[in-house]
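The following exercises concern one protein structure. Please work through each task before reading its solution.

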Amino acid sequence: MTSKLLVVTVCLALFAIAEAHGDRKGFKRYIAYKRNINFFTAWQTCRLMGGHLASIESADENARVVDAIKAVGNINKDWFIGGTDIGIEGRFVWIGTNKEITSSTYRNWNNGEPNNSGGNEDCTAMGTKWNDIGCYSDVEGFVMNTGWIVLAIVAIAASTLPTTLALRYTVHTTKVSFYEAWTQCISNGGRLAAPETAQQNDAIWNAIKKAGASGSHWLAGTDNGFEGSWIWITSGVPVGIVNGYQNWDLGEPNNALNGENCLILGYNGTPMWYDAGCDVLYNYTMALKVWFLTLCLALFAFEVNGYKRYVAYNHVSSNFFAAWQTCRQYGGHLASIESAAENARVEAAIKAVGSISSTWLIGGTDIGIEGRFVWIGLNKEITSTAYKNWGTGKPSTSGNTDCMTMGGTTGYKTYVAYKRTVEWFTAWQMCRLYGGYLAAIETAEENALAAQAIRDAGSLAKQWFIGATDIGIEGRFVWIGLHKELKYTNWATGEPNNGVKEDCMAMGGATARSKWSDVTCDLAVDGFVCAFNVQ
């Protein structure tokens, strides 16, 4: 028999509230939150609040979800609930309970749904009925459910707590374009400022006032690539992903001149955000990381007399979510490791069927909130006090490595080429949505891998976008996904030559083949190459 001991560690105030539902211990309480975040951030946010992204197993539960949505917003909009088939197409699972939505379970799909329109609708949303939608789609909000014991977090005023990330802001009063500001910050060892809380936004404005500067200042946001999809260029994550914080002034962003793709901080009684043309000249503020302090709301469940048995499967083509679903169908879950003894048993299981020098997926992910790793099969966070066995320099802070592996040679990149004609900035955004970044190439070996990826998808006789640009400072190329200036280079003869405003980079061409050329950012190339870091 396995019993569970629940230990609660708090850094914020925490209360347990018992719902009075008599003997209905399986009763779920649903709460809707009006916040436009992606599916995985919604999943993690619900977990951190003591619940999970809503699972719906009866018509009565569906009706209560509808009531929860109506209490805070528009039922005719999309609201994320917890179903996903991201692992195996057509096999939907409630991510919070690890239960499959089968033909014999309750379902409430709209007519013609799920239809996987566009080939990437892997998550579930609802109004009164359910639809499959993209996991990064714009939604009105999400719905959380808790069991009959509800954990309510009471927030303490932010002014009484130390910040989770201490930053020092430096104001630069030389007016430059957005991309030059971004490049200058990288060259100076910092990042273009990206406020993710009201406190950070105020700190930036206070630094501007203290410096005696006036007028608007660049921040790190841009929707260049996908109109209306604002991204922090410094981290590759959506604006507003942390606590839903955004600070647009009334009527902003409005793309007034049909080319306002970058974000400035201005003043209208209070410091507010505006969209502006990326080539307009403004001052800018650089952020330097000073120190980190983790504030935690940690929930631990320790199994007493529990013992895990590990089985390794040598399925080379599996991605993380396919592996998660496969393990669930086998009656288990993608491996969670909570002690040195369990880690040793996993290693033995791998050696029984293959090589520990190869890379093997295990069940940790921070795809919802960067740096907050969770065992997906257990819905437990891997906290500072939990067992961990990271390799040197891991986990990576690049913002593009969201799943966990064991064994193998770590710290390398894999490359995938996509045969699709889009502009360079759209390619950058698409790689980010795929979980990677527009390809950075730092060695001859990596260049060979990127070239092979192109051969697998098309021809090196054509040009393919990769991820460097000198749009900020002419001749100073930066890898946009890594925020690093180039060291290793593989330019074709006579390149870069900045022929006609050639601020972006491509690989391939009739004579260049596996070498690089600078090209215009809107060139009609054959496709683009994404890089994916292996943890």
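Helices (H or I, at least four residues) and strands (E, at least two) are DSSP runs, numbered from the N terminus. The model is predicted, with local features requiring pLDDT of at least 70 and side-chain atom pairs counting only at pLDDT 80 or more, while totals for chains, interfaces and linings use all residues. Residues are numbered from 1 along each chain as its sequence is written, and side-chain values use heavy atoms, with hydrogens and water left out.

**Exercise 1. Determine where Tyr179 and Trp182 lie and how their rings are arranged.**

Step 1. Both residues belong to helix H3 (residues 178-187), where a spacing of three residues places them about one turn of the helix apart.

Step 2. Rings of Phe, Tyr and Trp (its six-membered ring) pair if their centres lie within 6.5 Å; planes under 30 degrees apart count as stacked, over 60 as edge-to-face and the rest as tilted. A search of the whole structure finds 25 aromatic pairs. One of them, Phe39 with Phe40, is edge-to-face, at 5.3 Å centre to centre and 90° between the planes. The ring centres of Tyr179 and Trp182 are 6.3 Å apart and their planes stand at 80°, so this pair is edge-to-face.

Step 3. Buried means under 20% relative accessible area, exposed over 50%, and partly exposed in between (1.4 Å probe, protein chains only). Tyr179 is buried because its relative accessible area is 2%. Trp182 counts as buried because its relative accessibility is 1%.

Step 4. Ring pairs join Tyr179 and Trp182 in a cluster with Phe178, Trp218, Tyr282, Trp424 and Phe425.

**Exercise 2. Establish how many residues of helix H7 are buried, and describe what follows the helix.**

Step 1. Helix H7 spans residues 424-433 and is mostly covered, with nine of its ten residues buried.

Step 2. Among the buried residues are Trp424 and Phe425, both of which also belong to the ring cluster. Cys431 is another buried residue of H7.

Step 3. Just after H7, Gly435 adopts a positive phi of about 95°.

**Exercise 3. State how many disulfides the structure holds, and characterise the links of Cys123, Cys431 and Cys504.**

Step 1. A disulfide is a pair of cysteine sulfur atoms within 2.5 Å. The structure holds four disulfides.

Step 2. Cys123 is joined to Cys135, S to S 2.0 Å. The torsion about their S-S bond is about 85°, so the disulfide is right-handed. Cys123 lies in strand E8 (residues 123-126) and Cys135 in the loop between strand E9 (130-133) and strand E10 (141-146), so the pair ties together parts twelve residues apart in sequence. Both cysteines, Cys123 and Cys135, are buried.

Step 3. Cys431 is bonded to Cys530, with the sulfur atoms 2.0 Å apart. A torsion of -85° about the S-S bond makes the link of Cys431 and Cys530 left-handed. This pair connects distant parts of the chain, namely helix H7 for Cys431 and strand E32 (residues 527-533) for Cys530, 99 residues apart.

Step 4. Cys504 is bonded to Cys521, again with sulfur atoms 2.0 Å apart. The link of Cys504 and Cys521 is right-handed, with 85° about the S-S bond. Cys504 lies in strand E30 (residues 504-508) and Cys521 in the loop between strand E31 (516-519) and E32, 17 residues apart.

Step 5. When the bonded cysteines of the protein chain are numbered in sequence order, the pairing reads 1-2, 3-4, 5-8, 6-7.
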